[in-house]
Amino acid sequence: MAAYFGAAGSRRARIEQYVGHLSTTGVSWGLIGPRELPRIWTRHVLNCAAVGELFDPEGEQGPVADLGSGAGLPGLVLAIARPDVSITLIEPLERRVEWLEMVCDDLGVDNVRVVRARAEDLVDEEIFSAVTSRAVKALSGLVPWTAPLLSPGGRMLAMKGRSAEDEIEKAGKTLRRLRLDGARVVTVGAAVLAEPSRVVVATRR
Ligand SMILES: C[S@@+](CC[C@H](N)C(=O)[O-])C[C@H]1O[C@@H](n2cnc3c(N)ncnc32)[C@H](O)[C@@H]1O
């Protein structure tokens, strides 16, 4: 955990506070299943924090969006781990947005914005240097939501499981049509996690 949140200090305190919210109101509001609680750190928090290994260590070029953020995974975890990066959490469901706003307020994070919207409704309104996502849609459906939100040179960072390579193959035409180049699977978190995270990375031409 120290690798992403420090051994002590505000990032460490905030991530513990966030896990406190996830394990209480996160469950009672239906954002996370009670059966996830025993593995909340490994399978959710650290697994998501590992995506930050793909951010520029000197700071991202522009703001980052997390598409379909749900309970803030991975977006809010990344915002806590990387207070130097501005992160917009995009989520269409009112109740989830309300929970995210409540939690962000309580944590006192000032690098996070919560936007209630469907990704496809933000086209031509918002541009980001990276767009993260986890468990939102298969890649062939996710690419049309992600690509229009990226600046030239911006990167899609889509967390995926074992199906990642398959999904890249199936989305080949869509990736080319929407000018996302070099789609590949990158493994992150190997030094911290027994099961490292897998991220599909592609760059907007
Ligand atoms: C399975 S949940 C995953 C939530 C979170 N990323 C996680 O890994 O726990 C999928 C999320 O995508 C959101 N979503 C569905 N359609 C969307 C759209 N068109 N644009 C943005 N988000 C959407 C849902 O409301 C939901 O919160």
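Val64 of strand 1 (residues 64-67) stands opposite Ile87 in strand 2. Strand 1 and strand 2 (residues 87-90) are parallel and share four bridges; two strands count as paired if DSSP finds at least two bridges between them. Strands (E, at least two residues) and helices (H or I, at least four) are DSSP runs, numbered from the N terminus. The model is a predicted one, in which local features need pLDDT of at least 70 and side-chain atom pairs count only at pLDDT 80 or more, while totals for chains, interfaces and linings use all residues. Residues are numbered from 1 along each chain as its sequence is written.

Helix 6 (residues 94-107) packs on the sheet and touches strand 2 and strand 3, contact being defined by C-beta atoms, placed from the backbone, that lie within 7 Å. The direction of helix 6 makes about 160° with that of strand 3; axes are lines fitted to C-alpha atoms, for helices over the stretch in contact, and angles run from 0 to 180 degrees between N-to-C directions.

The sheet is open and mixed in pairing, with seven strands in the order 3-2-1-4-5-7-6. Strand 3 (112-115) and strand 6 (180-188) lie at the edges with a single partner strand each, so one side of each has no neighbour in the sheet. On average, neighbouring strands are turned by 20° against each other, direction ignored.

Strand 5 (residues 150-160) is largely enclosed by the rest of the structure, because eight of its 11 residues are buried. A residue is buried if 20 or more other C-beta atoms lie within 10 Å of its own, exposed if 12 or fewer, and partly exposed in between. Strand 4 (residues 128-134) runs parallel to strand 5 and is joined to it by six bridges, with Ser133 opposite Ala158. Between these two strands the chain passes through helix 7 (residues 139-146) in a right-handed β-α-β crossover; right-handed denotes a clockwise path from the first strand over the helix to the second, with the strands pointing away from the viewer. Strand 5 also pairs with strand 7 (residues 197-204), here in the antiparallel sense over six bridges, and Met159 stands opposite Val199.

The largest nonpolar core, a set of buried Ala, Val, Leu, Ile, Met, Phe, Trp, Tyr and Cys residues joined through C-beta atoms within 7 Å, has 60 residues. Ala49, Val77, Val131 and Val200 have the most contacts inside this core. Helix 5 (residues 75-81) gives the most to the core, with six residues.

Methods. Two residues are in contact if their C-beta atoms, placed from the backbone, lie within 7 Å.
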